[in-house]
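This report describes selected features of strand pairing, helix packing and salt bridges. The sequence and the structure are shown first.

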Amino acid sequence: MLRSLLKATRLSCRGVSNMAASKLKPVLAQIKSIEQVSESVKVYKLSVDDTNFKFSSGQWLDVHLPVNGPQGPIIGGYSICNSLEDARTRHNDSNSVTPIIAVKESNHPAAIWMHKTCVEGSCVHINPGGDTTGDLIQDNDNVLFIGGGIGISPLHGMLQHTLEKSDQNGKVGLLYSIPKMEEFLFKNSLDAFSQHPRCEIMTCYITQKEITIPTMKTSTMQLLPGRITQDAIEKALSTLRSDHQKVRVFLCGPPSMIDDIERMLLSMPQPPDHIHFERWW
């Protein structure tokens, strides 16, 4: 479960769960497409034939699978990777809504079903959950997103949501850490985001040792060896901060990474009420 520390606001994210956290009634969704995007991650586009279905960027989906486990129905909780605007307009050939989720392979029954049994055309029931989302970002907020591994999933949706809002003019940045290039998720869309005029920072850190860093198609997105350091975070905050305005920070990644980066932020000091993060349960 999530632990509370100081006054930092936590995003209610899970990797997988056997209990539905949302009180909304689940709706029927069909798996529209499945793409293997890395050695261990598949991305699923879900089609919901209900134009009233909505979610906020950064939320998760409770995915109710059509199978039961020893303790009853199996439910997986997976972060939504796109914005509602994207889900409503850019993937549709009808009036459906198309949320996107990324599922990392694991030994959890939900992940096993998604990776081994689920096919295009499979049906599930879904409902969104999570109270702390991209809706927290105000018009003039400067925002730094920090993600690790598949923790980029909700941040990708929030970043997309923020950049596509014409009434927002704050600066945006992303620091993203991955173990190796083969685990670089959403590479093409992140590269496109990096060219947005409001995007000041887009840096991916690759922790694998003795690796040759490839060249991206643009010089706007940086690829660097090593981990996200306190110095890198301080420089990012300095770049994004304007007129002494606070920078809102969103984190998502493995618990140890979240703990380390939160300690760095609080020591800078970063106001606790401007730190928001997702912790995997």
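## Salt bridges, helix packing and strand pairing

Helix α6 holds both Arg263 and Asp260, which are three residues apart, about one turn of the helix. The model discussed here is predicted. The side chains of Arg263 and Asp260 meet in a salt bridge, with an N to O distance of 2.5 Å. Arg263 has a relative accessibility of 54% and therefore counts as exposed, the cut-off being over 50%. Asp260, with a relative accessible area of 36%, is partly exposed.

A comparable arrangement occurs in helix α5, where Lys235 and Asp231 lie four residues apart, about one turn of the helix. Their side chains meet in a salt bridge at 3.3 Å, N to O. Lys235 counts as exposed at 53% relative accessibility, and Asp231 is partly exposed with a relative accessible area of 43%.

In total, the count comes to five salt bridges. Another of these joins the side chains of Glu39 and Lys180, at 3.0 Å from N to O. Glu39 lies in the loop between β2 and β3 (41–47), and Lys180 in the loop between β9 and α4 (187–194), so this pair ties together parts that are 141 residues apart in sequence. Glu39 counts as exposed at 52% relative accessibility, while Lys180 counts as partly exposed at 26%.

The table lists these three salt bridges.

| Basic residue | Acidic residue | N to O distance |
|---|---|---|
| Arg263 | Asp260 | 2.5 Å |
| Lys235 | Asp231 | 3.3 Å |
| Lys180 | Glu39 | 3.0 Å |

### Packing of helix α5

Helix α5 spans residues 230–240, and its buried residues are Ala232, Ile233, Ala236, Leu237 and Leu240. Viewed down the axis of α5, these buried residues fall within an arc of 130 degrees, so they line one face of the helix. The buried residues pack against four strands and a helix, namely β8 (142–148), β9 (172–178), β10 (199–206), β12 (247–253) and α6 (255–266). Helix α6, one of these packing partners of α5, is also the helix that holds Arg263 and Asp260.

### Pairing among β2, β4, β5 and β7

Strand β4 (residues 60–69) is joined to β5 by seven bridges, and the two strands run antiparallel. They form a hairpin with two residues between them. Within this pairing, Asp62 stands opposite Gly77 in β5. Strand β5 covers residues 72–79; seven of its eight residues are buried, so the strand is largely enclosed by the rest of the structure.

Strand β4 also pairs with β7, in the antiparallel sense and over five bridges. Here the bridge partner of Asp62 in β7 is Asn127. Asp62 thus has a partner in each of two strands, Gly77 in β5 and Asn127 in β7.

Which strand, besides β4, pairs with β7 in the antiparallel sense? Strand β2 (residues 27–36) does so, over four bridges. In that pairing, Ala29 has Val124 of β7 as its bridge partner. Strand β7 itself comprises residues 123–129 and is mostly covered, five of its seven residues being buried.

Conventions
Residues are numbered from 1 along each chain as its sequence is written. This is a predicted model: local features need pLDDT of at least 70, side-chain atom pairs count only at pLDDT 80 or more; totals for chains, interfaces and linings use all residues. Side-chain values use heavy atoms; hydrogens and water are left out. Buried means under 20% relative accessible area, exposed over 50%, partly exposed in between (1.4 Å probe, protein chains only). The arc is that of the directions from the helix axis to the C-beta atoms. Contact means heavy atoms within 4.5 Å. Two strands pair if DSSP finds at least two bridges between them. A salt bridge is a side-chain nitrogen of Lys or Arg within 4 Å of a carboxyl oxygen of Asp or Glu.
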